[in-house]
Every structure is written in C-alpha cells, then in structure tokens.
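Here is a short set of exercises to work through with the model open beside you. Try each task first, then follow the solution step by step.

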Amino acid sequence: MKNNRNMFLILTMLMVSISVQAQNIYSTQNGMMEMDFANDTYRSKDLMMLLDYDAATYKLEIDLTTLTNSEGKNFSEFVKIPNKKLVIEGKLGVEFINTTNHPPQSFNLEGIVVSSNNEVRGTGKLEHLSNRGTFSCILTIRIKIGLDDLGFESTDVNKEERISIKIVQVVLNRIEDQ
C-alpha cells in the first residue's frame, strides 16, 4: 500500500512538473515565411514555430515545397533539397521572455540548421498582444544565410548566393490555449 502511495505521489509530481513546463511554450502551425532568393520572393503560410519563453529558445520548421513565388513556381524547382524540410533550432539573444505586458522587444538570435549543422544568425522582434483573452505574441525574424550553409545545391545559381529568410508576423499562442 505504501509503495502505491509513493508511486502516486511521484506520478502526480511528474504531471505537475510537465504542465508547469508547458505553460510558457508558444506555437503556431500556419506562420508566414518569405525567402528572397535569386531575385525573387517565395512565400508559404505553412511555417511551424515553437517558442519557449522560459529558455528563450525557438524551433522553426517548414516544408520547402510549400514555398512559391508570385508566378506559382516552387522554390524546390531551383535547388536540390535533401529532405524537403528546413528546420532551425536556436536561442534568442535574451535570457528569458517577459510574459507580462511590455513594449516590443528587439533581439539578436542564433541557431543551427538541423540538416547541415551550420550556424545561422539574425535579428528579431517580439510584441505581446494582451487583448486576445490570453497572452499571445507576434514574432518577426530576419536571417541571411548562404545557400551552402542551408545544405542546398543548385546548378543554376552561384553557391555564394545569399538567402534572406523572413518570418513575418507569426502569431504564437500558448500551447495549452490551443
């Protein structure tokens, strides 16, 4: 009987710990991403983004075959993409993200392109929206990186070509509110 009680207490503490940790994770499944490449802009509304307020870390993931230009051409037609996904994980240039209402916050960020293990650096801005019932935020990020650094190959474009990635006004909601 005592073992059952101890097991129950351990499981209860674990569940409380997990729910507390999840309280400050914000996400979106349909963020807007723009990629400027070879004098054209490719857009997608299928960006998945996670932002951990406590650790000030992020993860963005997008299926690159969803990026199209204004003529309907797909980004993947111009580059060889090993796994069709771009995943970048990293840290914002702050220790934590303030969860109380505050003015827009600008920061630097760094991360790793998961498929190539190459570093990325950029800038960002986070703005809280407190009038949505629960706190949500708008996140904007800009990253410039070389085609090689992303692990892509292209026969039509110079390998030194720089790509500008913009995460445009992603509205993130707390995971428990979704």
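Two strands count as paired if DSSP finds at least two bridges between them. Keep in mind throughout that this is a predicted model.

**Exercise 1. Work out how many helices and strands the protein has, and in what order they come.**

Step 1. Count the elements: there is one helix, and there are eight strands.

Step 2. Read along the sequence, and the pattern comes out as α-β-β-β-β-β-β-β-β.

Step 3. Turn to the contacts between residues at least 6 apart in sequence: 57% of them join residues at least 24 apart.

Step 4. Finish with the surface. Buried residues account for 39% of the 178 residues. The accessible surface is about 10300 Å², and 49% of this belongs to carbon and sulfur atoms.

**Exercise 2. Follow the pairing from strand 2 to strand 3, and find the residue with a positive phi in their hairpin.**

Step 1. Strand 2 and strand 3 are antiparallel partners, joined over five bridges. As an example, Asp-52 sits opposite Thr-57 of strand 3.

Step 2. Look at the turn. The hairpin has four residues between the strands, and Ala-56 takes a positive phi near 55°.

**Exercise 3. Continue from strand 3 to strand 4 and on to strand 5, naming residues that stand opposite each other.**

Step 1. Strand 3 and strand 4 run antiparallel and are joined by seven bridges. Ile-62 has Leu-86 in strand 4 as its bridge partner, and Lys-59 stands opposite Glu-89 in strand 4.

Step 2. Strand 4 also pairs with strand 5, in the antiparallel sense and over five bridges. Here you will find Gly-90 opposite Gly-111 of strand 5.

**Exercise 4. Identify which residues touch the most other members of the largest nonpolar core, and which strand gives the most to it.**

Step 1. The largest nonpolar core has 38 residues, and those touching the most other members are Met-35, Leu-51, Tyr-58, Phe-75, Leu-86, Leu-92 and Ile-165.

Step 2. Ask where the members come from. Elements giving two or more residues include strand 1 (25–37), strand 4 (85–92) and strand 8 (162–174). Strand 7 gives the most, with five residues.

Step 3. Take Met-35 as a sample. Leaving aside neighbours within four places in sequence, Met-35 has contacts that include Tyr-42, Leu-64, Leu-67, Phe-75, Leu-86 and Ile-165.

**Exercise 5. Find the aromatic pairs and decide whether each one is stacked, tilted or edge-to-face.**

Step 1. Recall how to describe such a pair: you need the distance of the centres and the angle of the planes. Planes over 60 degrees apart count as edge-to-face.

Step 2. There are two aromatic pairs to find. In one, Phe-37 and Phe-75 are 5.3 Å apart centre to centre with 75° between the planes, an edge-to-face arrangement. Phe-37 belongs to strand 1 and Phe-75 to the loop between strand 3 and strand 4, so this pair ties together parts 38 residues apart in sequence. Phe-37 and Phe-75 are both buried.

Step 3. The other pair is Tyr-42 with Phe-75: the ring centres are 5.6 Å apart and the planes are at 70°, so this pair is edge-to-face. Since Tyr-42 lies in strand 2 and Phe-75 in the loop between strand 3 and strand 4, the pair ties together parts that are 33 residues apart in sequence. Both Tyr-42 and Phe-75 are buried.

Step 4. Put the rings together: Phe-37, Tyr-42 and Phe-75 make up one aromatic cluster.

**Exercise 6. Decide whether Glu-34 and Gln-105 are buried or exposed, and list residues around each.**

Step 1. The cut-off for buried is under 20% relative accessible area. Glu-34 has 13%, so Glu-34 is buried. Gln-105 has 19%, so Gln-105 counts as buried.

Step 2. Place Glu-34 in strand 1. Its side chain makes a polar contact with the side chain of Arg-43, at 3.1 Å. Beyond neighbours within four places in sequence, Glu-34 is also in contact with residues including Thr-41, Tyr-42, Ile-165 and Val-168.

Step 3. Place Gln-105 in strand 5. With neighbours within four places in sequence set aside, Gln-105 is in contact with Val-94, Ile-97, Gly-124, Lys-125 and Leu-126.

Note on methods:
Residues numbered from 1 in each chain as written. Predicted model: local features only at pLDDT ≥ 70, side-chain atom pairs only at ≥ 80, totals over all residues. Heavy atoms only, no water. Core = buried A, V, L, I, M, F, W, Y, C linked by side-chain atoms within 4.5 Å. Buried < 20%, exposed > 50% of the residue type's maximum accessible area, 1.4 Å probe, protein only. Contact = heavy atoms within 4.5 Å. Areas by Shrake-Rupley, 256 points an atom, 1.4 Å probe, with all protein chains shown as cover. Polar contact = N/O pair within 3.5 Å; in protein donor to acceptor, adjacent residues only side chain to side chain. Phe/Tyr/Trp six-rings, centres within 6.5 Å; stacked < 30°, edge-to-face > 60°.
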